[in-house]
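Hi,

Here's the structure I said I'd pass along. Have a look at it first, and then read on for what I found in it.

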Amino acid sequence: MPDPNGFLRYPRRLPERRPVPVRISDWREVYPPAGEGLVREQATRCMDCGVPFCHDGCPLGNRIPDWNDLVRTGDWAAAVGSLHATNNFPEFTGRLCPAPCEAACVLGIGDDPVTIKQVEVEIANAAFDQGLVVPAPVAPPTGRRVAVVGSGPAGLAAAQQLVRAGHAVTVYERDDAIGGLLRYGIPDFKLEKEHIDRRLVQLTAEGVEFRTGVNVGVDVTAEQLRAGYDAVLLACGALAGRDTPQTPGRGLRGVHQAMEHLVAANRAVAEAGDGPVGSTPIDAAGKHVVIIGGGDTAADCLGVAHRQGALGVHQLDLYPEPPHTRDAARDPWPTWPWLLRSYPAHEEGGQRVFAVAVQEFVDDGTGGVRAVRIAEVTVTKRDGQRIVTPVPGSERELPADLVLLAIGFEGTEEQPLLAQFGVTRNTRGAVDARPDWQTDADGVFVAGDMHRGASLIVWAIAEGRAAAAAIHAHLGGAGTLPAPVTASTRPLAAR
């Protein structure tokens, strides 16, 4: 039984972040591990509600009240088992997920919600520290082979589920290392790459085969995959960045997509190892940086710019500054609320500017950018279309030697493998799936951001697990695998 007074005795607390002057001098994670006392205290705040809406906030269906109470009582081994029952990679979600489970926490109706995400990551830390992450028992070989294209969280989750069911699984990754967006898209100050590497040890021991540096559709054709495997799962992500080709000056030197900047920086960190991190072709050192966009990717660029030694940073957001507390009329509990979300990178420096839009990237006279001309704007919707209207007389310039576009993603990239498999992108740039997770091509399945569009890591893992269950059934596997979501499942929303 939970402590009925826990939430009354303890306020919500998170571990202290590393001091700003210290952390911007390296690329280590912002949060140090929390002490056991703090974690057990925070887990004690969980009320074990009669109807735990945190289950619905999380698409994985994590058994949150169960493992909260196990942590409260100090039974870490059982907590690890409960968490892994629904989540293949809690060390990733505990660090990277924005925690829709916390937005749906019943305690959050009248108080601060439980620190579910922090408890989760500490359970994952304990699992590795105590040697509890070991190869799981694998079913007898079925003789069936599955190719997984893409090694992000969706592909890895599906691969692990399928190999444990006895299928032979090969994961293809076009990059030089496994991890997808986790590897080179997410900065180390949010996810140090040792967390990926030590999980890969488990997957490899369970029998997953990894092939890096293989661009499916170029180095290996779809026909070859069809000939060599009984099913194919496409989990290539949604990395086609939105652009602003209509904005004057877009072609100037120094204006880049955000992912170009992040990937280059993450590669430099990986190559440096324990040594000093070198400069990159797209480097913020000594520059005035303007980041366009207000989401996770923009915050990642902000943190990277600080560590590279930017002279100054402005982060521009098209929309007005969000409220600091939930607007119950607009976003009733337990839906995901529109709030001002400040990331650790924001306390490290830079200036956020809301309700503005870039009117022009200003030429320095040599083909490079020297400034952005912005204007205050109002944003309205008409017939489902967004209408952005500049406020007369509000234009001004901001200095800019480097501009990073972090305005979202248009879906999965157009690539040869799509045509070879006979698969097309829909109007959102994603790939549709039938109820059994198959695409228009029989035997070819899709999951994760490639199917859903750019989304949260918990959705990627949930879709990977569900697609694995569908593939297992398609191959005639014995029994069933867990399928936390359907191909049409959507997040909690007010109707």
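One term before we start: two strands count as paired if DSSP finds at least two bridges between them. Strand S1 (residues 145–149) and strand S4 (residues 231–234) meet that, since they pair in the parallel sense over four bridges. Keep in mind that this is a predicted model.

**The whole thing**

The protein has 495 residues, and 52% of them count as buried. There are 19 helices and 14 strands. Along the principal axes, the C-alpha atoms fill a box of roughly 70 × 60 × 55 Å. A compact globule with 495 residues would have a radius of gyration near 23 Å, and the protein has 23 Å, so the two agree.

Contacts reach far along the chain, too: among those between residues at least 6 apart in sequence, 69% join residues at least 24 apart. As for the surface, the protein exposes about 21200 Å², and carbon and sulfur atoms supply 52% of that.

**The parallel strands**

I'd start with S1. Four of its five residues are buried, so S1 is largely enclosed by the rest of the structure. Strand S2 (residues 168–173) pairs with S1 in the parallel sense over five bridges. To get from S1 to S2, the chain crosses through helix H10 (residues 153–164), and this β-α-β crossover is right-handed. If you want to find the pairing on screen, look for Val 149, whose bridge partner in S2 is Tyr 172. For the pairing of S1 with S4, look for Val 146, which stands opposite Ala 231 in S4.

S2 is mostly covered as well, with five of its six residues buried. It also runs parallel to strand S3 (residues 209–212), and four bridges join S2 to S3. Glu 173 is a good marker there, as it stands opposite Thr 212 in S3.

**A helix with a lot of buried residues**

Next is helix H3 (residues 36–44). Which of its residues are buried? They are Leu 38, Val 39, Glu 41, Gln 42, Ala 43 and Thr 44. The buried residues of H3 pack against four other helices: H1 (6–9), H5 (64–72), H6 (76–84) and H9.

**Three loop residues**

Gln 438 sits in the loop between helix H17 (416–421) and strand S14 (444–446). Is Gln 438 buried or exposed? Its relative accessible area is 6%, and anything under 20% counts as buried, so Gln 438 is buried. Its side chain makes a polar contact with the side chain of Asp 436 at 2.8 Å. A polar atom of the Gln 438 side chain also lies 2.5 Å from the backbone nitrogen of Gly 443. Setting aside neighbours within four places in sequence, Gln 438 is in contact with Asp 432, Ala 433, Gly 443, Val 444, Phe 445 and His 474.

Thr 280 is in another loop, the one between helix H14 (258–272) and strand S6 (288–292). Thr 280 is buried too, with a relative accessible area of 10%. The side chain of Thr 280 reaches the backbone oxygen of Ile 282 at 2.9 Å. Leaving out neighbours within four places in sequence, Thr 280 is in contact with Ala 264, Ala 265, Ala 268 and Gln 308.

Pro 135 is in the loop that lies between helix H9 (116–129) and S1. At 44% relative accessibility, Pro 135 counts as partly exposed. Not counting residues up to four places away in sequence, Pro 135 touches Gln 202, Ala 205 and Glu 206. And how far apart are Pro 135 and Gly 443, C-alpha to C-alpha? The two are 28 Å apart in space and 308 residues apart in sequence.

**Where to look**

If you only have a few minutes, go to S1, which pairs with S2 over five bridges and with S4 over four. Then take a look at Gln 438 and its side-chain contact with Asp 436.

Cheers

Notes: Residues are numbered from 1 along each chain as its sequence is written. This is a predicted model: local features need pLDDT of at least 70, side-chain atom pairs count only at pLDDT 80 or more; totals for chains, interfaces and linings use all residues. Side-chain values use heavy atoms; hydrogens and water are left out. Buried means under 20% relative accessible area, exposed over 50%, partly exposed in between (1.4 Å probe, protein chains only). Helices (H or I, at least four residues) and strands (E, at least two) are DSSP runs, numbered from the N terminus. A crossover is right-handed if, with the strands pointing away from the viewer, the path from the first strand over the helix to the second runs clockwise. The radius of gyration is taken over C-alpha atoms; the globule rule is 2.2 Å times the number of residues to the power 0.38. Contact means heavy atoms within 4.5 Å. Accessible areas come from the Shrake-Rupley method with a 1.4 Å probe; for residues, only the protein chains shown count as cover. A polar contact is a pair of N or O atoms within 3.5 Å; within protein, one must be able to donate a hydrogen and the other to accept it, and residues adjacent in sequence count only if both atoms are side-chain atoms.
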